Amino acid sequence: MSRHVIDRAEEIPPGTRRVVDLDGRSIGVFNVEGTFYALRNRCPHHGAPLCEGPVSGTMLPSDPDEYRFSTAREHQIIRCPWHGYEFRLDDGRGLVKPETSRVKAYRVEVEAGDVVVYTR
Ligand code: FES
């Protein structure tokens, strides 16, 4: 397991993210209301830079070209910027097929004020 110090926690304030390259992998580090998450920056659908997508709650079922948002899991879901697939920030599971559609999630800790991501 590799340990990577990303930055001081105050340099990644709540509501922001940082995309970093760790061991040749692009990884997004998110601060959601003081809790940090890290996800691989590659959508499993067609490889979009997933971590550039919006963080929100999930969308509700709706007709084509209609977007209904839910406050359920507000700020806990990232939506792919290419085709809109949604994934949980905490474990990377897709909302539609959580058992098969998944993004790699990494362990993140705040250690002595540093944001630290662990990769294998
Ligand atoms: S590439 Fe992410 S949903 Fe298609």
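Start by selecting residues 35-40, which make up strand β4: five of these six residues are buried, so color it as a mostly covered strand by the cut-off of 20 or more other C-beta atoms within 10 Å. Keep in mind as you click around that this is a predicted model.

**Next door: β3**

Now add residues 25-32, strand β3, to the selection. β3 and β4 run antiparallel and pair over six bridges. To see how the two line up, label G28 and look across to β4, where L39 stands opposite. Then go to V32, whose bridge partner in β4 is T35.

Which residue takes a positive phi in the hairpin of β3 and β4? Pick E33: its phi is positive, near 55°, and the hairpin has two residues between the strands. For background, most residues other than glycine have a negative phi.

**The other partner: β10**

Leave β4 on screen and select residues 105-111, strand β10. Here too the pairing with β4 is antiparallel, this time over two bridges. Label A38 in β4 and you'll find Y106 of β10 standing opposite.

**Zoom out: the whole sheet**

Time to bring in the rest of the strands. What is the strand order in this open sheet? Reading across, it goes β1-β11-β10-β4-β3-β2, six strands with antiparallel pairing. Select 2-8 for β1 and 17-22 for β2 to mark the edge strands, each of which pairs on one side only. From one strand to the next, the twist averages 30°. If you switch on backbone hydrogen bonds, remember that these are what strands of a sheet pair through. With side chains shown, a general pattern to look for is that in a regular strand they alternate between the two faces of the sheet.

**Two loop stops**

Finish with a pair of loop residues. First, go to D23, in the loop between β2 and β3. D23 isn't a glycine, yet its phi is positive, at about 55°. Is D23 buried or exposed? D23 counts as exposed because it has 9 C-beta neighbours inside 10 Å, and the cut-off for exposed is 12 or fewer.

Then jump to A112, which sits in the loop between β10 and β11, the latter being residues 114-119. A112 also has a positive phi of about 55° without being a glycine. Count the other C-beta atoms within 10 Å of A112 and you get 8, so A112 is exposed.

Conventions
Residues numbered from 1 in each chain as written. Predicted model: local features only at pLDDT ≥ 70, side-chain atom pairs only at ≥ 80, totals over all residues. Helix = DSSP H or I, 4+ residues; strand = E, 2+ residues; numbered from the N terminus. Pairing = 2+ DSSP bridges. Axes fitted to C-alpha atoms, helices over the stretch in contact; angles between N-to-C directions.
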